[in-house]
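Here is my note on the model, written for a first reading. Please keep the structure open beside it.

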Amino acid sequence: MDKKELLSPILKANSEMLKHFSRVHSDAMSHLQEVKTELFELNIRLDEQNRTKNLYAMNANHRKNVFRPMQADSAAAQKESQLEEVIRNLTERKQALEADQAEQQERIRATEEQIRLLRSAQQSALRLSKDLTFEDEEDAEGFEFIEEAEETPDISEHGEQILLLDAFDKAYLATILERKVQTPLSSQTHRLDTLRRLISTDPEQARLILDEYASQNDSIATTMKAQLERLHHTFDEKRPAGTILDEWIMHFRDMHPEFVLESSIQQKDEGQVLPYIRSLTIVRLLEIFFDNIVRHSGANQIRFRAQISGADVDIFISDNGAGISETVLSDSPWYSSLHKAEEMLFLLDGKLQMSGSKDHGTTIRFSLPY
């Protein structure tokens with residue numbers, strides 16, 4: 001029995017375990033978002049109930065007669081007692097949700113560690129089974145991609161990963177809209193009811209609530225704008241690819257003046273226009289890689305080069321940051337943006353290389369055929 005036959009059942013078992021823990025992780029993430037959403041709504045309800053209780057208490061105190069200090073409005077006192085009961089129940093529910101949240105977060109952490117280990121094991125087993133050899137990279141400035149030994153890609157595995165990433169993106173968007181748009185809009189109804197009561201009795205408190213209302217509206221508008229930009233990329237696909245890339249780089253410079261960004265864009269045919277899906281994919285890949293630099297690298301300098309020939313688009317990005325490990329993909333959670341980039345390139349028959357070190361930062365190269 002040769003080495004491939006010996007490793008085959010190991011790879012199969014590893015793949016099944018990876019699917020299992022991915023499902024567990026996805027379920028835990030969904031449950032956690034539900035808990036967070038309920039907690040968010042519950043905190044709003046608690047805040048409103050406490051405000052209403054304080055209002056009844058204040059009115060009851062105002063109605064007390066100095067000659068009969070122990071007598072109070074029985075209806076107001078009864079309402080205040082009912083509110084205290086509601087607040088007590090909400091507080092108990094909040095404590096239960098917080099415990100559930102902590103449990104789910106621990107579950108997610110544990111499954112992410114299992115997935116990381118399984119992916120690492122899978123990569124190691126694949127290398128052993130296919131005897132992958134890598135050539136040494138001599139020219140750090142070139143665009144020659146390191147060739148791997150021929151292998152037949154596992155289409156079903158890529159397909160599953162792509163579907164999982166798509167489901168994650170939709171769940172992420174739904175969570176953002178629920179937490180930062182739907183729930184705040186629902187809470188504003190309660191704020192308006194409270195505002196109506198306070199306008200005549202406590203104008204100062206009414207003003208504070210109105211300020212909160214305006215601030216919340218600004219936050220909702222900001223969230224909607226960010227998500228719309230994420231879903232809809234505003235560029236004219238009929239313009240040359242070099243122009244689209246140049247404008248994207250200028251936009252990044254405007255948004256992040258803290259980086260020194262050196263760029264070079266060379267297009268063999270200056271009027272050449274890429275197919276829309278190629279242009280869109282390149283823009284999305286740039287967003288992923290530059291976002292990782294901004295968030296994680298600790299760099300302050302970036303070099304960007306693009307070569308657009310008659311057959312391919314080659315992109316080179318490097319920074320002077322902390323660098324990345326050789327196992328960055330296997331170490332990253334399955335839903336990470338780097339895995340999204342990997343699958344996007346797979347779908348369009350592209351190539352991707354990532355390397356890095358503490359001394360030389362991170363280098364990313366990717367290529368897309370027309």
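The points below go from the ground rules to the sheet, the core and the aromatic rings.

1. Ground rules. This is a predicted model, in which local features need pLDDT of at least 70 and side-chain atom pairs count only at pLDDT 80 or more, while totals for chains, interfaces and linings use all residues. Residues are numbered from 1 along each chain as its sequence is written, and side-chain values use heavy atoms, with hydrogens and water left out.

2. The sheet. Five strands would be a good place to begin: the open sheet of 5 strands runs in the order E1-E2-E3-E5-E4, with mixed pairing. Strands here are DSSP runs (E) of at least two residues; helices are runs of H or I of at least four; both are numbered from the N terminus. Two strands pair if DSSP finds at least two bridges between them. The edge strands, E1 (260-267) and E4 (351-357), each pair on one side only. From one strand to the next, the twist averages 5°. Axes are lines fitted to C-alpha atoms, for helices over the stretch in contact, and angles run from 0 to 180 degrees between N-to-C directions.

3. E1 and its neighbours. E1 and E2 run parallel and are joined by 8 bridges. One residue to find is serine 264, whose bridge partner in E2 is arginine 305. Helix H5 lies across E1, E2 and E3, and runs at about 175° to E1. Contact means heavy atoms within 4.5 Å.

4. Helix H6. Does its length fit? What span should its 22 residues have at 1.5 Å a residue? The expected span is 1.5 Å times one less than the number of residues. That gives 32 Å for H6, and its end C-alpha atoms are 31 Å apart, which agrees. Just after H6, glycine 298 takes a positive phi of about 75°.

5. The largest core. A nonpolar core is a set of buried Ala, Val, Leu, Ile, Met, Phe, Trp, Tyr and Cys residues joined through side-chain atoms within 4.5 Å. Buried means under 20% relative accessible area, exposed over 50%, and partly exposed in between (1.4 Å probe, protein chains only). The largest core has 34 residues, and Leu286, Phe289, Phe290, Phe304, Ile315 and Ile317 touch the most other members. Several elements give two or more residues, including H5 (241-255), E3 (312-319) and H8 (337-347). H6 gives the most, with 8 residues. A second, separate core of 7 residues includes Val35, Leu42, Ile87 and Leu97.

6. Aromatic rings. Rings of Phe, Tyr and Trp (its six-membered ring) pair if their centres lie within 6.5 Å; planes under 30 degrees apart count as stacked, over 60 as edge-to-face and the rest as tilted. The structure holds 6 aromatic pairs. In one of them, phenylalanine 289 and phenylalanine 366 have ring centres 5.7 Å apart and planes at 35°, so the pair is tilted. It links H6 to E5, across 77 residues of chain. Phenylalanine 289 is buried at 0% relative accessible area, and phenylalanine 366 is buried at 1%. Phenylalanine 290 and phenylalanine 304 form another tilted pair, 6.2 Å centre to centre with 55° between the planes.

7. Arginine 197. Is this residue buried or partly exposed? Its relative accessible area is 38%, so arginine 197 is partly exposed. Arginine 197 lies in helix H3 (residues 155-201).
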